[in-house]
Amino acid sequence: MTDRPPAASTAAVVAPPALEPGTVEPFSLEELARSYRHRGSSAALGSPPVAYAEGCCVGGSTEVNSGLWNRLPTALGERWRAERHLAEFTPAVLDRYADQVEGWLSVGQLPGALPPSSAVLARGAEALGWRHDEFPRAFRYDERGRGVKQTMSRSVLPRAVEAGAEVLAGMRVQRVVIEAGRAVAVEAVHTHPDGSREPVTIAADQVIVCGGAVQTPALLQRSGLRRGIGPGLKVHPTLKVVAKVPEVLDHDDVPMERITEFAPSIAIGGSASRRGHLGLALADAGADPFALLDDWEHRFVYYACIRSDASGRVQALPGLATPLVTYRLTEGDLSRLARGLVHLGEALFAAGATELHASATGAPVARSVADLGAWWQAIDRRRANLMTVHLTSSVRMTERPDEGGVDSFGAVRGITNLRVSDASILPEAPGVNPQAAIMTLAARNADHLLAS
């Protein structure tokens, strides 16, 4: 075993394998294999199950997502502050830190006109008189309008390294060592480039866990911590539709447009739609992908997702490296999903779509608005094929000790120098992409730690 105490002034970032930015094509099968946990195929067990994906590389999900940026809705933040008694959680405080992070990431709008896949959603919403807008994105654009996504490996991590941090890639942390109410070290396994493995213990004065809503509670449970750790998991359950339209669409990125008419309970947008993604979505609809992909340039995947009433749980099981994740939707969730799916269909037909396949086994192919009524019956616990890319709230922040695992600033109760700073501390799923909320709170909580 290697014992590795960090220098007094050094911050060690212990992370999964590193991937040089730009070496893998975004949304490709190679990216799935190299940058996602379990090659992108994980599931929360329930009725119905919910498939999910986790980034697993230095920089985490920012390396594989689309850089879409949504500040925490002010009304929701105010409700969290009141219900959870959160300190320093006013709109003024959150906006100050959001401004700071957005400056680091060059968050802004797409220069120029919307690409065709985004224009489909905008056109449909306009025809129906529905609210819609464009996602800001964490992209840096040059004078020609060419954009580079500002992942953590391109933005924040280089700043940290320049300030003296050391990134230790290829590490899997097994547990946090806790003695007398303090975190004193982390125990990890280092996988070397040649595939050999070495146990490593890293001494620490402060430990901040940032493993996400599944891996963070599992790590804390393996470290002997249980109170408020694991229950309360929230996701944005999502249904997809493969739409066929007359025009040829762009397939290199996800749409920047979203329909906000039914927000925050229902969100409508677009998803990754390479040929392989289209095939998977058509299979979820019970269709034969090979018979429908000859004209794949005219097809695109759009989604409807909801804020769920249900909650789930993450449990680390003895002897298993992968935690058990469970989630059971309520009847209200299923009804809201069906409503979102029908609204998505309405928007796509209003935009000129000629054929829609919904991700529910046995759902009829829709070729007009009149066909959408049959989708209501198709969304049940046996046939709905759900997925999500947003998981939150499994170590919820609160000043009510019986309602969550950490305080207002992510400090784990009873351990003086252990904090959590990731999606797991959000009290609920926010109904929008959570990256902005996560990074805003991370910047705020880091300042609080330094001040204390």
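This passage describes the nonpolar cores, one helix pair and one buried asparagine of a predicted model. Residues are numbered from 1 along each chain as its sequence is written, and side-chain values use heavy atoms, with hydrogens and water left out. As the model is predicted, local features need pLDDT of at least 70 and side-chain atom pairs count only at pLDDT 80 or more, while totals for chains, interfaces and linings use all residues.

The largest nonpolar core (buried Ala, Val, Leu, Ile, Met, Phe, Trp, Tyr and Cys residues joined through side-chain atoms within 4.5 Å; buried means under 20% relative accessible area with a 1.4 Å probe, protein chains only) has 52 residues, of which Y302, L348, L356, W375 and I379 touch the most other members. Helix α9 (residues 331-350) gives the most to this core, namely 9 residues; helices are DSSP runs of H or I with at least four residues, and strands are E runs of at least two, numbered from the N terminus. Another core, of 31 residues, lies apart and includes L76, V176, L219 and I415.

Helix α4 (residues 116-128) packs against α9 at an angle of about 95°, the axes being 7 Å apart; axes are lines fitted to C-alpha atoms over the stretch in contact, and angles between N-to-C directions run from 0 to 180 degrees. The two helices α4 and α9 are therefore roughly perpendicular, a term for 65 to 115 degrees. In contact (heavy atoms within 4.5 Å) are V120, G124, A127 and L128 of α4 with E346, A347, L348 and A350 of α9.

Turning to the asparagine, N417 sits in the loop between β23 (391-392) and β24 (418-420). N417 is buried, at 0% relative accessible area, and its side chain reaches the backbone nitrogen of A183 at 2.7 Å.

Note on methods. Buried means under 20% relative accessible area, exposed over 50%, partly exposed in between (1.4 Å probe, protein chains only). A polar contact is a pair of N or O atoms within 3.5 Å; within protein, one must be able to donate a hydrogen and the other to accept it, and residues adjacent in sequence count only if both atoms are side-chain atoms. Angles under 35 degrees count as roughly parallel, over 145 as roughly antiparallel, 65 to 115 as roughly perpendicular and the rest as oblique.
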